[in-house]
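Take a look at the protein below. Let's walk through it together, starting with its aromatic rings and going on from there.

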Amino acid sequence: MLVFAASDKGGTGRSVTSANVAYRKALAGDDVCYLDFDFGSPTAAAVFDVPGALRGIEHGGLHSYLQGKAAEPVRIDVWADTEHEVLRHRPTGSGGLVLLPGDRSGGEFAVGKDALGRCVDLFLRLNSEFDLVVVDLSAGRSYATDMVLEATSRPELRGVDARWLVYHRWTRQHVIAAAGLVFGARGIVAGGVARGHDEDRLRGSIRFVRAAVPDPESALWSQVPPAQSAWMRKCDQDLNKLAAELDIGFSRVLGAVPLEPVLQWREQLITDEDVLASRVANMETRQALEELAARLTDDDAWGQT
């Protein structure tokens, strides 16, 4: 299965949440591959604590491969190469967790016929090798998004299960931006249809993920003054109404990740040790990530049987 992680704005939690979902799926026994298609800022390796690749790699990354400068993109075995002490002790029964980084100074690039062909070939090979392939895209209407829309419209990939996760924070601006990215005049749906995608099928393959969602009922906010508490509840109600009006309401939401101080201060994987031993992260966050990972491959959550 191919999963494309998209967002209209930066700072949505797209990369850190997608990395945590990939980690959770690997813990559950799936073989997972994570592609850093954020060509302008390939920093996914920082979430996995992989030294030497925190801002991409010098040569042989996805930029090099797609542009024909490398025969194969570099693969990083996260379990073996991470500096994260917990991750280095690979749990029994876990699946593979592999990162394909971008090039450090690659940047965005226009997509030509040759690059598109390499992209299609890469997706086909990785889909046959791994249970789950997560493709972390650049924010906004990027060349990376155009490339994967074009690639997945090709006959070779039409039989491959492809799903989209669109991330946004729980603010008015982010809700509006996320809806525009998907349903706008130059959005994912319109761009996909223009490239030959079936509109209903494409719409059905898209779900939204709300990140950094404050819960007015949680212990974190239980001590705020009554006026502030009432204001927060009103904001939450207004946002739910706006999301429904823009067709990104609950029926299109795959999951929501609560506001988590650990993720605000340091974008990282949330391990069981963080929750149960050191207790720096909240149990609600771990549960939300586990549920999101489970629903990602649950056909019922996507209206499929």
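Five residues, F4, F37, F39, F123 and W164, come together as one aromatic cluster. Keep in mind that this is a predicted model.

How many aromatic pairs are there? The count comes to seven aromatic pairs. One of them joins Y34 and F48: the ring centres are 5.4 Å apart and the planes sit at 75°, so this pair is edge-to-face. Planes over 60 degrees apart get that label. The partners come from distant parts of the chain, 14 residues apart: Y34 belongs to strand β2 (residues 32-37), while F48 sits in the loop between α2 (44-47) and α3 (62-66). Y34 is buried, at a relative accessible area of 0%, and F48 is buried too, at 1%.

Rings can also have a charge over them. Here R210 lies over the face of F250, 5.0 Å from the ring centre.

Now for the nonpolar cores. Which residues have the most contacts inside the largest one? They are L35, F37, F123 and W164, in a core of 47 residues. The element that gives the most to this core is helix α5 (residues 113-129), with six residues. Another core lies apart from it and has 43 residues, including V3, V16, L132 and I270.

W164 turns up both in the aromatic cluster and among the best-connected residues of the largest core. What does W164 touch? Setting aside neighbours within four places in sequence, its contacts include F4, A6, L137, I188, L202 and W302. T145, V148 and L149 are also on the contact list of W164, and these three are among the buried residues of α6. Helix α6 is mostly covered, with eight of its 11 residues buried. The other buried ones are A144, M147, A151, T152 and S153.

Just before that helix comes a serine worth a stop. S138 is in the loop between β5 (132-137) and α6 (143-153). Is S138 buried or exposed? Its relative accessibility is 3%, so S138 counts as buried, since the cut-off for buried is under 20%. Its side chain has polar partners on the backbone: a polar atom of the S138 side chain lies 3.3 Å from the backbone oxygen of F37, and the side chain also reaches the backbone nitrogen of F39 at 3.0 Å. F37 and F39 are both members of the aromatic cluster we began with.

What about cysteines? The count of disulfides is zero. Take C119: it is in no disulfide, and the nearest cysteine sulfur, that of C33, is 13 Å away. For a disulfide, the two sulfur atoms would have to be within 2.5 Å.

Here is how two cysteines and a glutamine compare in accessibility:

| Residue | Relative accessibility | Class |
|---|---|---|
| C119 | 0% | buried |
| C235 | 27% | partly exposed |
| Q264 | 41% | partly exposed |

Let's finish with that glutamine. Where is Q264? It is found in helix α11 (residues 261-265). Q264 and G13 are 251 residues apart in sequence, yet their C-alpha atoms are 9.2 Å apart in space. Not counting residues up to four places away in sequence, Q264 touches R169, A212 and L259.

Definitions and conventions. Residues numbered from 1 in each chain as written. Predicted model: local features only at pLDDT ≥ 70, side-chain atom pairs only at ≥ 80, totals over all residues. Heavy atoms only, no water. Helix = DSSP H or I, 4+ residues; strand = E, 2+ residues; numbered from the N terminus. Buried < 20%, exposed > 50% of the residue type's maximum accessible area, 1.4 Å probe, protein only. Polar contact = N/O pair within 3.5 Å; in protein donor to acceptor, adjacent residues only side chain to side chain. Phe/Tyr/Trp six-rings, centres within 6.5 Å; stacked < 30°, edge-to-face > 60°. Lys NZ or Arg CZ within 6 Å of the ring centre and 35° of its normal. Core = buried A, V, L, I, M, F, W, Y, C linked by side-chain atoms within 4.5 Å. Contact = heavy atoms within 4.5 Å.
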